[in-house]
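This briefing goes through one protein chain by topic. Please have the sequence and the structure open while reading.

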Amino acid sequence: MKISRFKKSHKTLVFFATNFDYREPYQVLVDATFCQAALLHKIGIDEQIRKYFQCSAKLLTTQCVILEAEALGAPLTGATTIVKKFHVHKCGHEGKPVAAADCIKSMTKDNRYIVASQDRLLQESLRKIPGRCLLYLHKATPVLEGPSKASKKWVLKQAKDLMLGKHAAKIDYMKEKQGLKPVEATSTSSTKRKGPKNPNPLSCKKSKKEKSKPPLQGVEQTVLTKAKRKRVKIPAHVKAALGKD
């Protein structure tokens, strides 16, 4: 293999490993169309892929892929024989098989698979989803496709968000350092002791004011008057009668 081809494939693998957590051994999910192309060009899939990656790789397939290849009959007899040699991963469709393309789409949702397929419709569908890695055969040569526009756009957005977060944190740090950010204001207000609250005026009954009694006038005069002995005037004829006695 030429050095330029190796550098290109290595760069692609590093991109997906850095941004989408692809790890060795790389898991290659193979379908019947890829096996059919390999059969036509008389190449060994396992040998060619390991040589192309120059690192450890594990070739896998699913039950749905095998059942679809068997259903297509004689034209894919050789491809069916090849695909059955790979390790079969559980796809969750046991007992209710689906189309091979739909099965592969569901398998790549939560896992990091390099999809090896010649299905153009499947390839176009996966290119629209960030983080999908594609492998196909160009005649007898394996080609690891570079990151799609969706993958590049996602990585660029993540980088911008990270830069904005770092920039905002740096601005906050500079404000705090120069005393422009009221750091202690929140802590002071939170630890400030609260005094007793004023009572609710609606819940309080109005206090009744005592009626002021009018001052008693002439009390002393009345008391003095009662204290004095009353003088009784005796009529003159009574006095005369008393004098005779």
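Does aspartate 161 count as exposed, partly exposed or buried, and at what relative accessibility? Aspartate 161 has a relative accessibility of 39% and counts as partly exposed, because the partly exposed class lies between under 20% for buried and over 50% for exposed. The model is a predicted one. The chain comprises 245 residues, 28% of which count as buried.

**Overall make-up**

- The chain contains 11 helices and six strands.
- Among contacts with a separation of 6 or more, 66% join residues 24 or more positions apart.

**Salt bridges**

- The count of salt bridges comes to six.
- Aspartate 161 pairs with lysine 157 in one of them, at 3.1 Å from N to O.
- Both residues belong to helix H8, where they are four residues apart, about one helical turn.
- Lysine 157 is partly exposed, with a relative accessibility of 48%.
- Glutamate 124 and arginine 127 form a salt bridge at 2.7 Å, N to O; they lie three residues apart in helix H7, about one turn of the helix.
- Arginine 127 also bridges to glutamate 145, with the closest N and O atoms 2.7 Å apart.
- Glutamate 145 sits in the loop between strand S6 (141–144) and helix H8 (149–177) and arginine 127 in helix H7, so this pair ties together parts 18 residues apart in sequence.
- Glu124, Arg127 and Glu145 are thus linked in a network of salt bridges.
- Within that network, glutamate 124 is partly exposed at 44% relative accessible area, arginine 127 is partly exposed at 23% relative accessibility, and glutamate 145 is buried at 16% relative accessible area.

**Arginine 132, a buried charge**

- Arginine 132 lies in the loop between helix H7 (120–127) and strand S5 (133–138).
- Arginine 132 is buried but has no salt bridge; aspartate 110, the nearest side chain of opposite charge, is 7.1 Å away.
- The distance of 7.1 Å is not a salt bridge, because the cut-off is within 4 Å.
- The arginine 132 side chain does reach two backbone oxygens: that of threonine 108 at 3.0 Å and that of proline 130 at 3.4 Å.
- Beyond its neighbours within four places in sequence, arginine 132 is in contact with Phe16, Tyr22, Thr108, Lys109, Leu126 and Ser151.

**Nonpolar core and helix H3**

- The largest nonpolar core has 48 residues, of which Val28, Ile45, Ile49, Phe53, Ile114 and Leu135 touch the most other members.
- Helix H1 (residues 3–20) gives the most to this core, with five residues.
- In helix H3 (residues 45–53), the residues Ile45, Ile49, Tyr52 and Phe53 are buried.
- Viewed down the axis of H3, these buried residues fall within an arc of 90°, so they line one face of the helix.
- Isoleucine 49 is in contact with Val28, Phe34, Ala57, Leu59 and Leu135, leaving aside neighbours within four places in sequence.
- Glutamine 54, just after H3, has a positive phi of about 55°.

**Helix H4**

- Cys64, Val65, Ile66 and Ala69 are the buried residues of helix H4 (residues 63–71).
- Their cover includes strand S1 (26–30), helix H2 (32–40), strand S2 (57–62), helix H5 (77–83), strand S3 (87–89) and helix H6 (100–107).
- Glycine 73, just after H4, takes a positive phi of about 80°.

Notes: Residues are numbered from 1 along each chain as its sequence is written. This is a predicted model: local features need pLDDT of at least 70, side-chain atom pairs count only at pLDDT 80 or more; totals for chains, interfaces and linings use all residues. Side-chain values use heavy atoms; hydrogens and water are left out. Helices (H or I, at least four residues) and strands (E, at least two) are DSSP runs, numbered from the N terminus. Buried means under 20% relative accessible area, exposed over 50%, partly exposed in between (1.4 Å probe, protein chains only). Lys and Arg count as positive and Asp and Glu as negative; His and the chain ends are not counted. A polar contact is a pair of N or O atoms within 3.5 Å; within protein, one must be able to donate a hydrogen and the other to accept it, and residues adjacent in sequence count only if both atoms are side-chain atoms. Contact means heavy atoms within 4.5 Å. The arc is that of the directions from the helix axis to the C-beta atoms. A nonpolar core is a set of buried Ala, Val, Leu, Ile, Met, Phe, Trp, Tyr and Cys residues joined through side-chain atoms within 4.5 Å.
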